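Please walk me through this model. Start at the surface, then go inside.

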Amino acid sequence: MAQDRKRQRPNILITGTPGTGKTTTSSALADAAQLRHVAIGDLVKEKNLHDGWDDELQCYIINEDLVCDELEDFMEEGGIIVDHHGCDFFPERWFDRVVVLQTENSILYDRLTKRGYEGAKLSNNIECEIFQILLEEAKESYQENIVVALRSDTVDDVARNVETLADWVKNWHPVS
């Protein structure tokens, strides 16, 4: 069972290809629902939870065990939004809802090139979105009834997603 009896507030994983609006959505939802937002990329940098730098993909090589150790106590308390582009290494029991943000390919391409993505980093991320890799990863890693895919192309989409998720948080009850 995904819900931990000790938790009084739900935990949410917001995942998706880079550029789909994870951090924007997570920050707005944290404010709207009074939850704590943890961006894994920032955590990895701040706490050195990595095994070095990947020159080809221009990113840190995340040490998944160190990340999970760092988060364990927070996750047991509940009320956490985890924002990360991957989802398959977190313990299933941590999350009550897994949100996969999806963005139309041309919009995503524009967002990523504005961020300076190029070469393998750009093409890998666009292919990941085209083939819905993260949605499949989420469905394979968590109970399908807690996985939801949400469109994230526009500011209106983000606002609607935040409202929908804030309502879900408000109506969430721990398993007794």
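Is Glu-64 buried, partly exposed or exposed, and why? Glu-64 counts as partly exposed because its relative accessibility is 39%, and the partly exposed class runs between 20% and 50%. The model is a predicted one. Glu-64 lies in helix α3.

Now look around Glu-64. A patch of negative charge gathers on the surface there, made of Glu-64, Asp-65, Asp-69, Asp-88, Glu-136, Glu-140 and Glu-144. Two elements give two or more residues to this patch: α3, residues 64-77, and α6, residues 133-141. Helix α3 gives the most, with 3 residues.

Next, go inside. The largest nonpolar core holds 26 residues. Five of them touch the most other members: Ile-40, Leu-71, Phe-90, Phe-95 and Tyr-142. Several elements each supply at least two residues of this core. They are α2 (40-47), α3, β5 (80-83), β6 (97-102) and α6. Again α3 leads, giving the most to the core with 4 residues. So α3 gives the most to the negative patch and the most to the core, by the element boundaries that DSSP runs set. Helix α6 also appears in both lists, giving two or more residues to the patch and at least two to the core.

Finally, turn to helix α5, which spans residues 119-130 and holds Asn-124. Asn-124 has 38% relative accessibility, so it counts as partly exposed. How far apart are the C-alpha atoms of Asn-124 and Leu-66? They are separated by 25 Å, and the two residues are 58 residues apart along the chain.

Technical notes:
Residues numbered from 1 in each chain as written. Predicted model: local features only at pLDDT ≥ 70, side-chain atom pairs only at ≥ 80, totals over all residues. Heavy atoms only, no water. Patch = residues over 30% accessible without salt bridge, like charges linked within 9 Å, V, L, I, M, F, W, Y side chains within 5 Å. Areas by Shrake-Rupley, 256 points an atom, 1.4 Å probe, with all protein chains shown as cover. Salt bridge = Lys/Arg side-chain N within 4 Å of Asp/Glu carboxyl O. Lys, Arg positive; Asp, Glu negative; His and termini not counted. Charge placed at Lys NZ, Arg CZ, Asp CG, Glu CD. Buried < 20%, exposed > 50% of the residue type's maximum accessible area, 1.4 Å probe, protein only. Core = buried A, V, L, I, M, F, W, Y, C linked by side-chain atoms within 4.5 Å.
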